[in-house]
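User: Could you take one close look at the inside of this model and talk me through it in one go? I'd like to start with any empty space and then move on to what is packed around the core.

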Amino acid sequence: MTGDLTGGLAPREKYTVQATQSTPALIIYLIDVSASMGLEMNNVRRIDLVKKALVSTIKQMVYRSTKGSRIAARYRIAILPYSDEVDDLLGGIKAIDQIARTATLPELTPMRFTDTALAFQRAEELLLEQLPLMQKCPAPLICHMTDGVHTGEDPEPVAKRIMEMSVPDGNVLIENIFINDHFLEEPVNDPRNWKGILPGMNLKDDYALKLRNMSSALPESYRKMMTEFSYTLQSGALMMLPGSSHEMVSLGFQISASTPIR
């Protein structure tokens, strides 16, 4: 058979499927809890800053999922803290309405090493289980937060495999929040006017360059959503941010929850 099977129609823009009760968005958080996450940044332990931003983002998801007095299960979340092993903070993937009924998240405790490849391998296993059930859902997203170079195997090959996985809405997205304020040519003094990291931008850290290679392009639908929060990320920016301040870490987690909703 030959010819245009689309009937001459332009292909549908990717990353536009809305998160609903019947088509929920899946977000997997990979959180580095190596020993260095116990260090302070702006007089707050890095691990505590990350948890605060994560809790704030979950509250945002609850707000976006609430209709009247009912919370719709528009988001499904897994939180996988990792060091030399991968933990499961929620005990599996949980719907946002289930999480909302929990008073607090379990504590994040700094441990030892930074086996990033192991964390991405666990995320890959979850996606292999979930993708056959998500063909009408928004493309899943992995939000990875780290503050240092990985130990163990190189995480880039498994991250690249994940970025090749897809549903009709688009390929699986990977976002990286790197808690390091020295890899950009210029510091981020005004997060709301920051334009983002572009593919060819010079970065002054070898691991930042690797994380850039492991970061998806920011979908236009996500970028437009962030303009509602008065951020001005540029078209073509990558889903990679320097976690150099509380607001920058919060911005990274907010982006992870910016799936279109109805």
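Analyst:
**Inside the fold**

The largest cavity holds about 50 Å³ of space, in what is a predicted model. With a lower limit of 30 Å³, the count comes to 1 cavity. So what lines the largest cavity? Its walls come from W194, G196, I197, L218, L233, A237, L238, M239, M240, L241 and I255. Sort that lining by class and you get 10 nonpolar residues, 1 polar residue and no charged ones.

On to the sheet. Six strands, β7-β6-β1-β8-β11-β12 in that order, make up an open sheet with mixed pairing. Which strands stand at the edges? They are β7 (94–95) and β12 (240–242); each has a single partner strand, so one side of each goes without a neighbour in the sheet.

Go inward and you reach β1 (residues 25–32), which runs parallel to β6 (residues 75–82), with 8 bridges joining the two. You can pick out individual pairs here: A25 has Y75 as its bridge partner in β6, and I27 has I77.

Helices pack on this sheet as well. Helix α1 (residues 46–65) touches β1, β6 and β8 (141–146), and its direction is at about 170 degrees to that of β6. Helix α3 (residues 116–130) also packs on the sheet, and its contacts are with β1, β6, β8 and β11 (173–178). For α3 the angle is taken with β1, and it comes to about 165 degrees.

How many residues of β1 are buried? The count is 8 of the 8, so the rest of the structure largely encloses this strand. Here the background is simple: in a regular strand, side chains alternate between the two faces of the sheet. In β1 both faces are covered, with A25, I27, Y29 and I31 buried on one side and L26, I28, L30 and D32 buried on the other. If you're wondering about the cut-off, buried means under 20% relative accessible area.

Now cross to β8. It runs parallel to β1, and 5 bridges join the pair. I27, which we met beside I77 of β6, has L141 as its bridge partner in β8. Further along, L30 has H144 as its bridge partner in β8.

β8 itself gives a similar story: 6 of its 6 residues are buried, so this strand too is largely enclosed by the rest of the structure. L141, C143 and M145 point one way from β8, while I142, H144 and T146 point the other way, and all of them are buried.

The next step is from β8 to β11, a parallel pairing over 6 bridges. H144 turns up again here, standing opposite N176 in β11. Put together with its bridge to L30, that lets you follow a path from β1 through β8 into β11 by way of H144.

A further helix belongs in this picture, namely α6 (220–227). Its buried residues are S221, Y222, R223, M225 and M226. What do they pack against? They pack against α1, β8, β11 and α7 (246–256).

In the loop between α6 and β12 you'll find S230. Its phi is near 70 degrees, a positive value in a residue other than glycine. S230 is partly exposed, with a relative accessible area of 46%.

Y15 has a positive phi as well, near 60 degrees, and again the residue is not glycine. Y15 is in the segment before β1. Buried or partly exposed, then, for Y15? It is buried, with a relative accessible area of 15%.

One last stop is R45, in strand β3 (residues 44–45). R45 counts as partly exposed because its relative accessibility is 30%, and the partly exposed class lies between 20% and 50%. Leaving out residues up to four places away in sequence, R45 touches M37, G38, L39, E40 and P110. For a sense of distance, R45 and E125 lie 80 residues apart along the chain, and 31 Å separates their C-alpha atoms.

Definitions and conventions. Residues numbered from 1 in each chain as written. Heavy atoms only, no water. Pairing = 2+ DSSP bridges. Helix = DSSP H or I, 4+ residues; strand = E, 2+ residues; numbered from the N terminus. Contact = heavy atoms within 4.5 Å. Axes fitted to C-alpha atoms, helices over the stretch in contact; angles between N-to-C directions. 1 Å grid on protein atoms, 1.4 Å probe; cavity = no way out; pocket = protein on both sides within 12 Å on 5 of 7 lines; lining within 4 Å. Points joined across faces, edges and corners; volume = space filled by probe spheres on them. Nonpolar A, V, L, I, M, F, W, Y, C, P; charged D, E, K, R; others polar. Buried < 20%, exposed > 50% of the residue type's maximum accessible area, 1.4 Å probe, protein only.
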